[in-house]
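Reader: Please take one part of this model and look at it closely. I would like the pockets described, along with the elements that surround them.

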Amino acid sequence: WTSGIEYSEVLAQRASERLDQVVQGDLNQPELLQKLGSRKFDCVICADVLEHLQQPSQLLQHLQAHLTPDACVIVSLPNIRHLSALLAIFWQGSFPRRQRGIFDDTHLRWFTLRDGEQMLIEAGMKVEARTYSLRWGDQGGGRANRALIKLFGAYAHRLSFVREFLTYQIAMRARLVGPTKI
């Protein structure tokens with residue numbers, strides 16, 4: 001059984017063509033999860049979601065009621081500590097607002113790698129795996145990014161400079177540490 005929650009009415013309609021259930025609404029209202037009923041999930045994916053919420057930790061807490069005992073939660077977050085953010089903020093002296101990427105103008109929160117992991121820990125989860133998406137700048141693709149990935153991709157977890165400043169996006173897989181809280 002696959003379910004999805006989507007803010008955009010248009011995208012929710014499109015998703016309903018492929019998923020068993022789609023709930024359209026604002027995840028800033030955790031009671032929206034009640035529309036899932038008593039359904040439990042083996043895996044919950046929060047891909048580019050938490051940075052758009054007023055209280056992302058609250059959502060993670062409420063999601064626990066919908067997790068099977070061995071469920072995993074996959075979270076992906078942009079890394080505000082990325083080199084492109086440092087250059088924009090400290091070198092150029094401005095905090096840009098764009099329609100995509102780290103500076104997406106719909107982001108309400110910004111996370112470093114440590115902040116994202118700490119949020120999961122505080123929600124009673126243990127991070128089991130991390131994937132570091134490397135980039136030189138704000139744009140993906142291109143020879144320079146392919147070279148970066150080829151040179152450092154396999155070693156990002158060991159090289160702090162690469163991990164902290166060249167990771168554009170982090171994906172983490174986590175599981176509940178103990179019994180669900182809600």
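Author: What follows deals with the largest pocket, then with the strands beside it and the second largest pocket.

The model is predicted. Its largest pocket holds about 550 Å³ of space. The lining consists of 21 residues, and those nearest the centre are Ser3, Gly4, Cys43, Val44 and Ile45. Three elements each give two or more residues to this lining: E1, strand E3 (41–47) and helix H2 (56–63). E3 has the largest share, with seven residues. By residue class, the lining divides into 15 nonpolar, four polar and two charged residues.

E1 also takes part in a strand pairing. Strand E1, residues 3–6, pairs with strand E2, residues 21–24, in the parallel sense, and four bridges join them. Within this pair, Gly4 stands opposite Val22 of E2; Gly4 is also one of the residues nearest the centre of the largest pocket. Helix H1 (residues 9–15) completes a right-handed β-α-β unit with E1 and E2.

The second largest pocket has a volume of about 350 Å³. Its lining has 14 residues, of which Glu6, Tyr7, Val49, His52 and Leu53 lie nearest the centre. Here the division is seven nonpolar, four polar and three charged. Glu6, one of the residues nearest that centre, falls within the residue range 3–6 of E1.

Technical notes
Residues are numbered from 1 along each chain as its sequence is written. This is a predicted model: local features need pLDDT of at least 70, side-chain atom pairs count only at pLDDT 80 or more; totals for chains, interfaces and linings use all residues. Side-chain values use heavy atoms; hydrogens and water are left out. Two strands pair if DSSP finds at least two bridges between them. A crossover is right-handed if, with the strands pointing away from the viewer, the path from the first strand over the helix to the second runs clockwise. On a 1 Å grid over the protein atoms alone, a cavity is a set of points where a 1.4 Å probe fits but cannot get out, and a pocket is an open set with protein on both sides within 12 Å along at least five of seven lines; lining residues have an atom within 4 Å of a point. Grid points are joined across faces, edges and corners, and a volume is the space filled by probe spheres set on the points. Ala, Val, Leu, Ile, Met, Phe, Trp, Tyr, Cys and Pro count as nonpolar, Asp, Glu, Lys and Arg as charged, and the others, Gly among them, as polar.
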